[in-house]
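Please open the model in your viewer and set the display to cartoon, with side chains available on demand. The tour below gives selections to make, one after another.

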Amino acid sequence: MAIEERAAPTETTATRPYALLRAGFPYLTTLGMRRVTTYPVDIALGDEGRLYVLCRDDGAGASIRRTNWDDEDLDTISKNGTGEGQLLWPVQLLRDGGENLYVSDEATHRVSSFGRDGSFLGSWGTEGSEPGQLDKPAGIAFDADENLWVVDSGNHRVQKFTKDGRFILGFGSHGSAEGELNLPWGIAVDAAGDVYVGDWKNDRIQKFTADGEFVMEFGESGSGDGQLNRPAGMAVDAHGDVYVADRGNHRVQLFDATGRYVEQFIGDATLSKSGRRYVLANAKVLRGREMTTLEHTKRLRGPSSVRLDDEGRLYIPDYGSHRIQVYQKEAYPLSADDIWAPPKAPFLYNV
């Protein structure tokens, strides 16, 4: 897998640790169940333990279900449809500093916003290919100024807006060369303002400056380490690690800031609190659970998003299994004085 670097280091590298002691990334817990977090495509993390789960069932509808760390079914925000305040084919969900929610909807070519109490705040977006217009918007991400970056998938580009929909800039065109995109999906913006785009049909991740200048790319088609099969949602943490929902391979992959493959998450789920309550209350379901082979029930099925919190927790909406799997990162920053310089040849063994 080739990785090409075409730009000088940005301020991102200056504020990140020189290296990391990666002590582990264990599975932590599972939240949700089929009758609550039905077909979750994304999650937004609220304050005081609130969780907002974006659910999309193309056959039955879409909604935002509100839950919490106690795995309680609190209420539903929005409902299926094309009217104001309704969702049809939502793709991603964000929260801003005031815990207002923003949702991209590829069917209605718009972004809708809601208050944390579920009140509809407004929507913007018109279908088209001119600057500021949208065609099947997919991934969305805030930058440090809470400008909203939108993956304009049908137009094979990325556009930047204010939160209320005023167009700022855009970049990208259809193709497979450097800087070109083919039905892009996911997007993430790091602390320095650099933009990472999941180039869905090209099976790669591309990194751009905030002005749209190509920086680097990594990934290629396949199912091996570091290879991708229709990458979807993405996230970047404070260490510069890049997390990619490798949807076609039913996993999430972790890459470091240079695009080097580090590890993968394939799913380790246990029954959630709400799942246990439901199974224990239904004798037939309980019998089926007792008879089944459990290994396959742990695994991810078609994850389309990843989210991170400030405590190093990784949230994976497990679309095909109607739940959220959570992992906990344990890593320790190292300075250049703490670790050898990069070797010119690989080690025979690694600890």
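The stops that follow are two open sheets, a pair of helices and a pocket. Keep in mind throughout that this is a predicted model.

**Stop 1: the sheet from S8 to S11**

Select strands S8, S9, S10 and S11, which form an open sheet in that order with antiparallel pairing. At the edges lie S8 and S11 (120–124), each of them paired on one side only. Ignoring direction, neighbouring strands in this sheet are turned against each other by 20 degrees on average.

Now narrow the selection to residues 101–105, strand S9, and residues 110–114, strand S10; five bridges join them in the antiparallel sense. Which residue of S10 stands opposite Val103? Ser112 does.

**Stop 2: the sheet from S12 to S15**

Move on to S12, S13, S14 and S15. These four strands make an open sheet in the order S12-S13-S14-S15, and the pairing is antiparallel. The edge strands here are S12 and S15 (167–171), since each is listed as pairing on one side only. The average turn between neighbouring strands of this sheet, direction ignored, is 20 degrees.

Select S14 (residues 157–161) together with S15: the two pair in the antiparallel sense over four bridges. Show Val158 and its bridge partner in S15, Phe171. Then show Gln159, with Gly170 of S15 opposite. Between the two strands of this hairpin are five residues, and Gly165 takes a positive phi near 100 degrees.

**Stop 3: helices H2 and H3**

Select residues 273–280 for helix H2 and residues 283–291 for helix H3. Their axes come within 6 Å and cross at roughly 110 degrees. Angles of 65 to 115 degrees count as roughly perpendicular, and H2 and H3 are therefore roughly perpendicular to each other.

Turn on the side chains at the contact: Tyr278, Val279 and Leu280 of H2 meet Val285, Leu286 and Arg289 of H3. Five residues of this contact are nonpolar, none is polar and one is charged.

**Stop 4: the second largest pocket**

The last stop is the second largest pocket, which holds about 1200 Å³ of space. To find its centre, select Leu45, Val236, Leu308, Asp309 and Asp310, the closest to the centre among the 44 lining residues.

Which strands give two or more residues to the lining? They are S4 (40–45), S5 (50–57), S8 (90–95), S12 (137–142), S16 (187–189), S20 (231–236), S24 (307–308) and S25 (313–318). Two of these strands have been visited already: S8 is an edge strand at the first stop, and S12 is an edge strand at the second.

Colour the lining by residue class to finish. The lining divides into 24 nonpolar, five polar and 15 charged residues.

Note on methods
Residues are numbered from 1 along each chain as its sequence is written. This is a predicted model: local features need pLDDT of at least 70, side-chain atom pairs count only at pLDDT 80 or more; totals for chains, interfaces and linings use all residues. Side-chain values use heavy atoms; hydrogens and water are left out. On a 1 Å grid over the protein atoms alone, a cavity is a set of points where a 1.4 Å probe fits but cannot get out, and a pocket is an open set with protein on both sides within 12 Å along at least five of seven lines; lining residues have an atom within 4 Å of a point. Grid points are joined across faces, edges and corners, and a volume is the space filled by probe spheres set on the points. Ala, Val, Leu, Ile, Met, Phe, Trp, Tyr, Cys and Pro count as nonpolar, Asp, Glu, Lys and Arg as charged, and the others, Gly among them, as polar. Axes are lines fitted to C-alpha atoms, for helices over the stretch in contact, and angles run from 0 to 180 degrees between N-to-C directions. Angles under 35 degrees count as roughly parallel, over 145 as roughly antiparallel, 65 to 115 as roughly perpendicular and the rest as oblique. Contact means heavy atoms within 4.5 Å. Two strands pair if DSSP finds at least two bridges between them.
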